[in-house]
Amino acid sequence: MVKRGKDNPGLGRSASTAAWTGSQIEKALLAGHSAEMKELESWMDPAEIAELRELAFKAREGVRRGGPRVYLLPGIMGSSLGLPRKHRDPDVLWIDFFDTFRGRLRELSLKTGNRSATSVGIRGIIWRYYAKLQFRLQAQGFDVRVHDFDWRLSIQTLGAQLAERIAADPSKDVFCVCHSMGGLVGRAALNQGAEAKVRRFVMLGTPNHGSFSPLQALRGTHSLARLFAFLDVMSSKKDLVEEVFRTFPGLYEMLPERAAAGVDYFDPANWPSKGLRPDPRLLREASNIQDRLASPGVRLPFQLIAGVNQRTTVAAAIEGDEFIF
């Protein structure tokens, strides 16, 4: 459990630890008594610290075995985003609830004319979600490379970035372990040349045929959209959807596939006529995303690990002027 106070980087004055990399976390955990360790202890549960420390020591021993190179890709919203600061830690915008309270989510907008759009960059994987996975892979002897990415962007663009990195990797063979949207980014990379070096491709809960969550986010009915609208005293839910979420190409590319959903959500005519609506241009550009993703082949079969017995939205219908999920 995270302590809720001024030292919580998500809720207080500092968001520095939110952007720590796995190696920074590992260093702090292995050092024991240090300023970094005290910062972790100030807002993390002791049991979680103990578990992470144990995993960090196992990871250190495992890395020495020099196993295969593994690229670890997070899911959507799994990478910190922020602005550079001179002589200070990065100015984290995603995710820092204090900045959300001050209305700074708008700085993540990709809307033309937004002055911050070209300045926002990746500030590291959100290690709170992925440190355990990284350490466990390292403990098994894998040489892990975290590939965080700007999840706002087009999956095709992100796939090209990953393909370029894999091509430049001196390793002859690499593995990929991808969570959620990361699996789609990985498939886009495979389709752009990475398949020549990737030997195993594992997806964790990847929505290969799309998800209804982006549909809910673009309508402002998703729980996160409501949460951030509640936290942001400077913006309404309508403001956040239209000025921020609505500008992310990657969100559109994760809409449900026509064949799987039975409805073409890439056609604006199939959205309610009233209320919050998507950007028609981004809908059109995202409509052929499935054609740009690699499919499993004889040489490279895909492996998918998915949850069971979890309530999941599987359909939507228009009733009146709203989607009913």
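1. Start with a pair of cysteines. In this predicted model, the sulfur of Cys 176 sits 5.0 Å from the closest cysteine sulfur, the one in Cys 178, and that is too far for a bond. A disulfide would need the two sulfur atoms within 2.5 Å. Seen from the other end, Cys 178 is in no disulfide either, with the sulfur of Cys 176 as its nearest cysteine sulfur. The count for the structure is zero disulfides. Are these two cysteines buried or exposed? Cys 176 is buried, at 2% relative accessible area, and Cys 178 is buried too, at 0%.

2. Now step back for the overall picture. The protein has 13 helices and ten strands. Of its 325 residues, 49% are buried. The accessible surface comes to about 16,000 Å², and carbon and sulfur atoms hold 53% of that. Take the contacts with a separation of 6 or more: 75% of them are between residues 24 or more positions apart.

3. Strand β1 (69-73) is a good place to look next. Five of its five residues are buried, so the strand is largely enclosed by the rest of the structure. Which residues of β1 point which way? Arg 69, Tyr 71 and Leu 73 go one way, while Val 70 and Leu 72 go the other, and all are buried. That includes an arginine, Arg 69, so do have a look at it in the viewer.4. What does β1 pair with? Strand β5 (residues 143-146) runs parallel to β1, and four bridges join the two. Strand β6 is parallel to β1 as well, this time over five bridges. Arg 69 takes part in both pairings: its bridge partner in β5 is Asp 143, and its partner in β6 is Val 174. Strand β6 covers residues 174-179.

5. Val 144 gives a view from the β5 side. This valine is buried, with a relative accessible area of 9%. How many residues apart along the chain are Val 144 and Val 70? The answer is 74, yet their C-alpha atoms are separated by 4.8 Å. Leaving aside neighbours within four places in sequence, Val 144 is in contact with Val 70 and Leu 72, and also with Gln 134, Leu 137 and Gln 138. Val 70 and Leu 72 are the two β1 residues that point the other way from Arg 69, Tyr 71 and Leu 73.

6. There is also an open sheet of three strands, in the order β3-β2-β4, with antiparallel pairing. Its edge strands are β3 and β4 (121-125), each of which pairs on one side only. From one strand to the next, the twist averages 45 degrees. Strand β2 (residues 79-83) and β4 are joined by three bridges in the antiparallel sense. Leu 81 has Ile 122 of β4 as its bridge partner.

7. Helix α9 (residues 223-231) has three residues listed as buried: Ala 225, Phe 228 and Ala 229. Why do they line one face of the helix? Looking down the axis of α9, the buried residues fall within an arc of 105 degrees, so they end up on one face. The general rule behind this is that an α-helix has 3.6 residues a turn, so residues three or four places apart point the same way. What covers the buried residues of α9 includes β3 (91-94), α4 (97-101) and α10 (237-243). Strand β3 is thus a shared element: it is an edge strand of the open sheet and part of the cover over α9.

8. A few backbone details deserve a check. A cis peptide bond joins Trp 94 and Ile 95, with omega at about 10 degrees. Ile 95 is found in the loop between β3 and α4, and both of those elements are among the cover for the buried residues of α9.

9. Two residues have a positive phi although neither is a glycine. Met 77 has a phi of about 70 degrees and lies in the loop between β1 and β2. Ser 180 has a phi of about 50 degrees and lies in the loop between β6 and α7 (181-190). Is each of them buried or partly exposed? Met 77 counts as partly exposed, at 26% relative accessibility, whereas Ser 180 is buried, with a relative accessible area of 13%.

Definitions and conventions
Residues numbered from 1 in each chain as written. Predicted model: local features only at pLDDT ≥ 70, side-chain atom pairs only at ≥ 80, totals over all residues. Heavy atoms only, no water. Buried < 20%, exposed > 50% of the residue type's maximum accessible area, 1.4 Å probe, protein only. Arc of directions from axis to C-beta. Contact = heavy atoms within 4.5 Å. Pairing = 2+ DSSP bridges. Axes fitted to C-alpha atoms, helices over the stretch in contact; angles between N-to-C directions. Areas by Shrake-Rupley, 256 points an atom, 1.4 Å probe, with all protein chains shown as cover.
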